[in-house]
Amino acid sequence: IDFKKSPPVRPLVILGALSNEIYDEILRRCPGKFKGVVPVTSRSCRGCKQHIYDDYHYISREQFISEIRQNKYIECGQFQNNFYGTRFKKVKEIVQKGHNCIVDIHHHNSIRRLKSIANIHPIVIAVKPSTPAQIM
């Protein structure tokens, strides 16, 4: 690493209770400071004509399955017969542009995949409330 230049930007991962809400709040409060990764889905685009629309990048089921086999996803899953996932490539693109990337992933294994497959070492914040009342 050349420290004469600024150090590489490390993506932020938030795990645990309320992680989705914290993720959304960071993006809402700091829109110019953080960029979220647009996830990929095999579901049909409801009311849109573009490949990338709002919250998802839409691809065919066949392409998604092919990309799973090529190990292109940090994590992916299936819900109601549709696939959803987060690509390594998209995290790298945001980081290489010097932006603060916030990654919406949900499993500790995904962090290992970021490190071992993509050589990306995120900053991880684990949220653990002391009581259920704190979540409320």
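In these legends, Ala, Val, Leu, Ile, Met, Phe, Trp, Tyr, Cys and Pro count as nonpolar, Asp, Glu, Lys and Arg as charged, and the others, Gly among them, as polar. What you're looking at is a predicted model, with local features kept at pLDDT of at least 70 and side-chain atom pairs at pLDDT 80 or more, while totals for chains, interfaces and linings use all residues. Numbering starts from 1 along each chain as its sequence is written, and side-chain values use heavy atoms, leaving out hydrogens and water.

**View 1. The whole chain is built from five helices and nine strands.** Helices (H or I, at least four residues) and strands (E, at least two) are DSSP runs, numbered from the N terminus. Trace the chain from the N terminus and the elements come up as β-α-β-β-β-β-α-β-β-α-β-α-β-α. Out of 136 residues, 30% count as buried (under 20% relative accessible area; exposed is over 50%, partly exposed is in between; 1.4 Å probe, protein chains only). Take the contacts (heavy atoms within 4.5 Å) with a separation of 6 or more, and 56% of them link residues 24 or more positions apart.

**View 2. Four strands line up in an open, parallel sheet in the order S2-S8-S1-S9.** Strands count as paired when DSSP finds at least two bridges between them. The edges are strand S2 (34-36) and strand S9 (123-127), each pairing on one side only. Working across from S2, you'll find three bridges holding it parallel to S8, and lysine 35 has cysteine 101 of S8 as its bridge partner. S8 then pairs with S1 over two bridges, again in the parallel sense; here valine 13 is matched with valine 103 in S8. Strand S1 (residues 12-16) is joined to S9 by five bridges, and this pair also runs parallel. Look for glycine 16, which stands opposite valine 127 of S9.

**View 3. Leucine 12 sits in strand S1 and reaches a long list of partners.** Is leucine 12 buried or exposed? Its relative accessibility is 11%, so leucine 12 counts as buried. Setting aside neighbours within four places in sequence, leucine 12 is in contact with Ile26, Phe34, Cys101, Ile102, Val103, Ile123 and Ile125. Glycine 36 is 24 residues away along the chain, and its C-alpha atom is 9.7 Å from that of leucine 12.

**View 4. Valine 124 belongs to edge strand S9.** With a relative accessible area of 37%, valine 124 is partly exposed. Which residues does valine 124 touch, leaving aside its neighbours within four places in sequence? They are Val13, Leu15 and Ile111. Turn back to leucine 12 for a moment: 112 residues separate it from valine 124 along the chain, yet their C-alpha atoms are 6.0 Å apart.

**View 5. Serine 110 is tucked into helix H4 (residues 108-118).** Serine 110 counts as buried because its relative accessibility is 3%. Beyond the neighbours within four places in sequence, serine 110 is in contact with Ile74, Glu75 and Ile105.

**View 6. The largest pocket has a volume of about 470 Å³.** A pocket is an open set of points on a 1 Å grid over the protein atoms alone, where a 1.4 Å probe fits, with protein on both sides within 12 Å along at least five of seven lines; lining residues have an atom within 4 Å of a point. Points are joined across faces, edges and corners, and the volume is the space filled by probe spheres set on them. There are 20 lining residues, and those closest to the centre of the largest pocket are Pro39, Glu75, Thr86, Asp104 and His106. Helix H1 (19-29), strand S6 (73-79) and strand S7 (82-87) are the elements that each give two or more residues to this lining. Which of the elements gives the most? That's H1, with four residues. Sorted by class, the lining comes out as eight nonpolar, seven polar and five charged residues.

**View 7. Glutamine 80 and asparagine 81 share the loop between S6 and S7.** Glutamine 80 isn't a glycine, but its phi is positive, near 50 degrees. Asparagine 81, also not a glycine, has a positive phi of about 70 degrees. Glutamine 80 counts as exposed because its relative accessible area is 63%. Asparagine 81 is exposed as well, at 54%.
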